Amino acid sequence: MSSAFNETILQTWAIHLSLLAFVAIALASRLGAAAVRLVPGFREAEVLNKETAKAKLAKPAYLENMMWNRKWHFVFTGVIFGIILPFCLTLEPDVWWMYPVQIVTILMVYDFFYYWTHRMLFHDTPGRVGPLKWMHATHHRQLNPCRMDSGYLNPLESAIGLGLYVLTIALLTLVFGRFHVGMIVVTWIAFQQINLHNHDLWDRDRFAGGYIATMAEMHHHHHSRFTGGNFATITLLYDWMFGTLDYGKGPGVKVSQEERLAKQSQAELPTEA
Ligand SMILES: [Zn+2]
Ligand SMILES: [Zn+2]
């Protein structure tokens with residue numbers, strides 16, 4: 001094959017850029033985790049979440065779900081980085097102000113798709129059973145999740161969540177053109193870390209308060225009953241806009257905020273798995 005032909009293929013199916021993004025995400029995530037560990041409150045939160053995860057992993061059913069997800073994660077990662085992202089990436093620079101616009105657009109368009117999928121398909125709506133409630137029920141077995149429970153799922157749910165995310169990137173490529181590799185690295189890490197953090201056991205008096213604590217608390221309210229609100233994942237904007245903010249009050253709450261904080265070992269709190 002001629003080098004011109006090879007070059008055309010690499011410009012269209014830019015697998016080298018996709019691999020670059022994959023490696024950069026892995027490295028930046030590790031460096032970021034090491035940097036966060038330097039902050040005492042965050043380090044304590046990590047210990048609490050890791051200890052809780054360890055206790056949960058001692059339960060065979062829990063471990064089995066994690067192993068099942070790990071297997072499928074390899075497949076989903078292969079499809080995303082091997083087939084979809086190579087058509088969405090470039091190293092061509094853009095004007096500087098385009099980068100923040102793209103980051104916010106990718107995350108907020110995804111969150112809009114996720115909000116409605118979560119609300120309409122995964123949960124019941126008045127007078128109607130959520131068609132994918134049976135699948136989402138796996139994730140909701142964790143009434144008081146820890147960080148690792150972000151991945152306690154039916155793998156089909158994982159496919160839907162990741163699918164919505166890459167579909168958002170692919171659709172927005174039609175609007176913005178191909179995204180710079182750096183943009184995909186930044187938004188991927190944000191998407192991943194926000195999802196993980198929403199499940200963090202987080203005591204605002206011990207670790208850090210404000211927005212960071214609120215995001216984790218609000219998702220814990222969502223887990224504490226199956227029919228509450230807080231359906232979005234990146235921010236609570238859509239829950240605020242569409243009237244589904246849930247502060248964990250009222251009937252159906254299985255683990256209250258007070259109960260959560262009263263326990264030292266969070267693994268003692270009830271789960272159904
Ligand atoms: Zn849910
Ligand atoms: Zn969750």
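This report describes the fold, the nonpolar core, two helix pairs and several individual residues of a predicted model.

## Overall architecture

The chain contains eleven helices and two strands. Read from the N terminus, the order of the elements is α-α-α-α-β-α-α-α-β-α-α-α-α. The radius of gyration is 20 Å, close to the 19 Å that the globule rule gives for 273 residues, so the chain is as compact as a globular protein of that length.

The C-alpha trace spans about 65 × 45 × 40 Å along its principal axes. Of the 273 residues, 30% count as buried. Among contacts with a separation of 6 or more, 72% join residues that are 24 or more positions apart.

## The largest nonpolar core

The largest nonpolar core comprises 37 residues, and Ala21, Leu89, Ile169, Ile184 and Ala232 have the most contacts inside it. Two or more residues of this core come from each of helix 2 (15-36), helix 3 (40-57), helix 5 (98-122), helix 7 (155-176), helix 8 (181-198) and helix 9 (210-224). The most is given by helix 8, which supplies seven residues.

Ile169 is one of the residues with the most contacts inside the core. Leaving aside residues up to four places away in sequence, Ile169 touches Cys88, Ile106, Phe179 and Ile184. Of these partners, Ile184 is also listed among the residues with the most contacts inside the core.

## Packing of helix 2 against helix 8

The axes of helix 2 and helix 8 are 9 Å apart, and the two helices pack at an angle of about 45 degrees. Helix 2 is therefore oblique to helix 8. Their crossing is right-handed.

On the side of helix 2, the contact is made by Leu17, Leu20, Ala21, Ala24, Ile25, Ala28, Ser29 and Gly32. Helix 8 contributes Val181, Ile184, Val185, Trp188 and Ile189 to the contact. Ala21 and Ile184, which take part in this contact, are both among the residues with the most contacts inside the core.

## Packing of helix 5 against helix 7

Helix 5 and helix 7 cross at roughly 135 degrees, and their axes come within 9 Å. The two helices are therefore oblique to each other. The crossing of helix 5 and helix 7 is right-handed.

The residues of helix 5 that make the contact are Gln102, Thr105, Ile106, Val109, Tyr110, Phe113, Tyr114 and Thr117. From helix 7, the contact involves Ile160, Gly161, Leu164, Tyr165, Thr168, Ile169, Leu172 and Phe176. Ile106 and Ile169 both belong to this contact, and Ile106 is one of the residues that Ile169 touches.

## Arg178 and its surroundings

Arg178 lies in the loop between helix 7 and strand 2 (179-180). Arg178 counts as partly exposed because it has 18 C-beta neighbours inside 10 Å. Apart from residues up to four places away in sequence, Arg178 touches Cys88, Leu89, Thr90 and Thr173. Cys88 is also touched by Ile169, and Leu89 is among the residues with the most contacts inside the core.

A further relation across the sequence links Arg178 and Glu92, which are 86 residues apart along the chain and whose C-alpha atoms are separated by 8.8 Å.

## Asn49 and Glu51 in helix 3

Asn49 is placed in helix 3, as is Glu51. With 22 C-beta neighbours inside 10 Å, Asn49 counts as buried, whereas Glu51 has 16 other C-beta atoms within 10 Å and is partly exposed.

Not counting residues up to four places away in sequence, Asn49 touches Cys146, Arg147, Asp200 and Leu201. Cys146 also figures in a pairing with Glu51: the two residues are 95 residues apart along the chain, and their C-alpha atoms are separated by 9.5 Å. Asn49 and Arg178 are 129 residues apart in sequence, and the C-alpha to C-alpha distance between them is 38 Å.

## Backbone conformation at Asn230

Most residues other than glycine have a negative phi. Asn230, although it is not a glycine, has a positive phi of about 60 degrees. Asn230 lies in the loop between helix 9 and helix 10 (237-241). Asn230 is buried, with 24 other C-beta atoms within 10 Å.

How values were computed. Residues are numbered from 1 along each chain as its sequence is written. Chains are lettered from A and ligands numbered from 1 in the order in which they are written. This is a predicted model: local features need pLDDT of at least 70, side-chain atom pairs count only at pLDDT 80 or more; totals for chains, interfaces and linings use all residues. Helices (H or I, at least four residues) and strands (E, at least two) are DSSP runs, numbered from the N terminus. The radius of gyration is taken over C-alpha atoms; the globule rule is 2.2 Å times the number of residues to the power 0.38. A residue is buried if 20 or more other C-beta atoms lie within 10 Å of its own, exposed if 12 or fewer, and partly exposed in between; C-beta atoms are placed from the backbone. Two residues are in contact if their C-beta atoms, placed from the backbone, lie within 7 Å. A nonpolar core is a set of buried Ala, Val, Leu, Ile, Met, Phe, Trp, Tyr and Cys residues joined through C-beta atoms within 7 Å. Axes are lines fitted to C-alpha atoms, for helices over the stretch in contact, and angles run from 0 to 180 degrees between N-to-C directions. Angles under 35 degrees count as roughly parallel, over 145 as roughly antiparallel, 65 to 115 as roughly perpendicular and the rest as oblique. A crossing is left-handed if the near helix is turned anticlockwise from the far one by less than a right angle, and right-handed if clockwise.
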